[in-house]
Amino acid sequence: MEIQVDVVMVGAGVAGCSAALGLAKKGFRVGIVEKVDPMPESIKGELLQPGGVASLQALGLEDCLEGLDAQPVFGFAVVEGERQRVLPYPALCEHSHTSGQVSKVLGRSFRHHRLVHKLREKVWSHPNITWFSGVVSDWVLEQQRVVGVVCKSSEGETLKLEAPLTVMAGGRSRKLLQKLGVPGKPEKVARSIGVEVKGAVLPHPNHGHVFLVHPSPVLGYQIASDCTRLLIDVPQELQLSQKSGLMHYVTDTVGPQLPASLHAPLQEAMEQGHFQTMQSLVQAPMASPVDGVVSLGDALSMRHPLTGGGMTVALNDACCLVNAVSKESLLHLRGLRRAIRSFYRKREPLAATVDMLSGALYRIFREDQEGAGYMRDAVMQYWQRGGSAVDGPMSLLAGLSPSPYRLLRHYGAVAWYGALHQLSTSEQTTQPSMQRLGHSLSLGWEAVRTMAPHLPRAVKLFTL
């Protein structure tokens with residue numbers, strides 16, 4: 001059976017549903033294929049930065065955040081023992097997909113499947129969207145161009161959905177993209193243990209928390225009025241494959257380093273099995289070399305979850321695609337290529353900023369090498385200055401003022417400030433001058449080593 005639409009959307013998660021609804025509002029006939037319904041509970045996509053909230057607003061979908069028991073997020077707190085930094089989002093900030101300033105800057109945290117269900121309800125009721133329950137098995141190719149997909153429905157029927165544009169929004173699975181020769185393989189950088197903790201009290205309510213513990217940081221935030229999520233990072237080299245190993249790691253290694261208010265609730269949650277695990281993957285954006293297909297969200301790129309930026313990137317992708325594609329662009333290949341190039345160009349500033357920030361902070365916050373420790377101290381000291389030293393980085397983290405160059409300026413300021421601190425503060429003057437110089441050089445080398453892998457992507461933005 002063959003079905004003709006304007007756009008085929010593979011995947012009905014946050015990115016797929018949002019993009020499908022945005023395109024449908026512009027008059028496109030969208031066929032959306034999803035193999036899983038209802039959406040299972042998972043530990044992915046539970047913290048939405050203000051930039052993601054603004055993208056939902058731009059798509060006219062902000063009402064999907066209602067009725068989720070979603071918790072407001074006003075900023076982040078970084079906790080290292082007795083040393084804490086509370087980092088509020090800036091009071092006012094620009095956003096590329098909304099007109100003027102975002103006057104009420106806040107994020108949301110919630111159970112992921114609840115948001116997906118809200119979005120799917122809108123998809124099911126929209127007259128321009130047709131839902132297909134099934135699994136995509138292959139591409140429909142015509143003269144080396146993708147013109148649709150082949151899928152097998154849940155009833156066992158083989159369907160061929162054809163369209164000028166096919167959008168991959170199916171999350172992490174890359175089997176179909178690999179068939180098109182899309183390069184790159186996701187890098188496994190860590191595992192995350194998502195523990196659902198009841199009765200826990202975080203040090204700073206309505207803030208995301210980053211606990212700097214050994215050997216790797218822990219992310220904490222509320223996902224409901226009565227429930228807190230602790231996302232515990234397990235470095236890839238630890239190789240904890242057994243459930244008992246995970247239990248001991250959380251209760252014996254990580255738990256005692258967290259605030260006392262979390263000890264008993266965390267222990268109880270682990271004993272009752274209220275946790276899931278997820279592989280943390282990093283993947284640079286890789287566009288398809290074949291015409292007629294574009295990817296969104298995790299199907300395009302992935303980053304470490306430390307900064308909670310995944311959904312914000314996905315929703316920005318949806319906005320950029322909706323803005324880039326027009327009915328006219330689907331009429332001929334040249335127009336379609338131009339629209340796809342426009343999408344990749346427009347999504348890159350935010351995606352690159354979030355990816356660079358999460359990669360750099362994860363490396364600084366988790367490594368035990370001497371230089372990383374100095375950089376960690378420098379970051380905490382920089383934030384202590386307040387003003388633009390907080391507002392600037394937090395506007396980047398929030399996804400409201402994305403700019404890799406602004407990120408590099410703040411990063412350079414952190415390294416410079418930290419190097420000077422190592423050389424000149426009163427705490428260091430009792431040490432020999434050559435030792436203090438060595439510490440400063442170690443910090444500088446770590447700063448370069450941490451950011452160097454991201455520099456080619458920042459430079460490439462000049463050519464887009």
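**Figure 1. Gln 144 and Asp 69, two loop residues with positive phi.** Gln 144 is exposed, at 68% relative accessible area (buried is under 20%, exposed over 50%, partly exposed in between, with a 1.4 Å probe and protein chains only). Gln 144 sits in the loop between strand S11 (129-141) and strand S12 (146-153). Helices (H or I, at least four residues) and strands (E, at least two) are DSSP runs, numbered from the N terminus. The phi of Gln 144 is about 60°, although this residue is not a glycine. Asp 69 also has a positive phi, near 55°. Its loop runs between helix H2 (50-58) and strand S5 (71-73). Asp 69 is partly exposed, with a relative accessible area of 31%. Most residues other than glycine have a negative phi, and most peptide bonds are trans. This is a predicted model, in which local features need pLDDT of at least 70 and side-chain atom pairs count only at pLDDT 80 or more, while totals for chains, interfaces and linings use all residues. Residues are numbered from 1 along each chain as its sequence is written, and side-chain values use heavy atoms, with hydrogens and water left out.

**Figure 2. The cis peptide bond at Pro 215.** The bond from His 214 to Pro 215 has omega near 5°. Pro 215 belongs to the loop between strand S16 (208-211) and strand S17 (218-224).

**Figure 3. Confidence across the protein.** Mean pLDDT (the predictor's confidence in each residue, from 0 to 100) is 91. Of the residues, 94% reach 70 or more. Helix H1 (residues 14-25) has the highest confidence, at 98. Strand S9 (residues 101-102) has the lowest, at a mean of 54. Where pLDDT is low, the predicted coordinates should not be read in detail.

**Figure 4. Cys 17 and Cys 64, without a disulfide.** The structure holds zero disulfides (a disulfide is a pair of cysteine sulfur atoms within 2.5 Å). The closest cysteine sulfur to that of Cys 17 is in Cys 64, 9.0 Å away and too far for a bond. Cys 17 is buried, with a relative accessible area of 0%. Cys 64 is buried too, at 1%.

**Figure 5. Helix H7 and a contact between Gly 45 and Met 311.** Helix H7 (residues 310-324) has 15 residues. From first C-alpha to last, H7 reaches 21 Å, close to the 21 Å expected (1.5 Å times one less than the number of residues). Of the 15 residues, 13 are buried, so H7 is largely enclosed by the rest of the structure. Gly 45 and Met 311 are 266 residues apart in sequence, yet 5.7 Å apart in space, C-alpha to C-alpha. Gly 45 lies in the loop between strand S3 (30-34) and strand S4 (47-48). Gly 45 counts as partly exposed, at 25% relative accessibility.

**Figure 6. The salt bridge between Glu 80 and Arg 376.** Side chains of opposite charge can pair when their charged atoms come close. A salt bridge is a side-chain nitrogen of Lys or Arg within 4 Å of a carboxyl oxygen of Asp or Glu. By this rule the count is 21. In the pair of Glu 80 and Arg 376, the closest N and O atoms are 3.9 Å apart. Glu 80 lies in strand S6 (residues 75-80) and Arg 376 in helix H9 (residues 370-384), so the pair ties together parts 296 residues apart in sequence. Glu 80 is partly exposed, at 24%. Arg 376 is buried, at 14%.

**Figure 7. Salt bridges made by helix H8.** Asp 317 pairs with Arg 347, the closest N and O atoms being 2.9 Å apart. The two link distant parts of the chain: Asp 317 is in helix H7 and Arg 347 in helix H8 (residues 333-366), 30 residues apart. Both are buried. Arg 363 and Glu 446 meet in a further salt bridge, at 4.0 Å from N to O. Here helix H8 gives Arg 363 and helix H12 gives Glu 446, 83 residues apart. Glu 446 is buried, with a relative accessible area of 2%. Salt bridges that share partners join Asp 298, Arg 303, Asp 317, Arg 347, Glu 348, Asp 355 and Arg 457 into one network.
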